[in-house]
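Trainee: Could you take me through one part of this model closely? I would like to hear about the salt bridges and what surrounds them.

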Amino acid sequence: MQQHRFSSTGPTVPLDAVDAVDARRRALALWPRLDATKLARTCGEPDRVARLIERRTSLSREAIVRLLGGRSD
């Protein structure tokens, strides 16, 4: 019997929650001086994070969403 190397038997986190945390972490990595309180209010939604960031950069909202790993429409 083969055992899979990366199989997980523990609890899993919903992908939406992972994406939300990931967007906030990416935002802080790219723009370290972001206000953590304001960033927390975005709930990790890439569009809301982009709205917060677009005031401090010349990038478009679509470009910011892409940098955060989201999809721009």
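Mentor: Happy to; here is the setting, followed by the salt bridges and some neighbouring features. This is a predicted model, in which local features need pLDDT of at least 70 and side-chain atom pairs count only at pLDDT 80 or more, while totals for chains, interfaces and linings use all residues. Residues are numbered from 1 along each chain as its sequence is written, and side-chain values use heavy atoms, with hydrogens and water left out.

The chain has four helices and zero strands; helices (H or I, at least four residues) and strands (E, at least two) are DSSP runs, numbered from the N terminus. Of its 73 residues, 22% are buried. Buried means under 20% relative accessible area, exposed over 50%, and partly exposed in between (1.4 Å probe, protein chains only).

Now to the salt bridges: a search of the whole structure finds three. The term stands for a side-chain nitrogen of Lys or Arg within 4 Å of a carboxyl oxygen of Asp or Glu. Asp22 pairs with Arg26, their closest N and O atoms lying 3.0 Å apart. Both sit in helix H1 (residues 15-30), four residues apart, or about one turn of the helix. With a relative accessible area of 29%, Asp22 is partly exposed, and Arg26, at 35%, is partly exposed too.

Arg48 bridges to Glu45, with 3.9 Å between the closest N and O atoms. Arg48 is partly exposed at 31%, and Glu45 is partly exposed at 40%. Arg48 falls within the span of helix H3 (46-53). The buried residues of H3 are Val49, Ala50, Leu52 and Ile53. Seen down the axis of H3, these buried residues fall within an arc of 160°, so they line one face of the helix; the arc is that of the directions from the helix axis to the C-beta atoms.

In the remaining salt bridge, Arg61 joins Glu54, and their closest N and O atoms are 2.7 Å apart. Arg61 has 33% relative accessibility and counts as partly exposed; Glu54, at 28%, is partly exposed as well.

Helix H4 (residues 61-67) also holds Val65. Val65 counts as buried because its relative accessibility is 2%. The C-alpha atoms of Val65 and Pro46 are separated by 5.6 Å, although the two residues are 19 apart along the chain. Leu59, by contrast, lies in the loop between H3 and H4, and its 34% relative accessibility makes it partly exposed.
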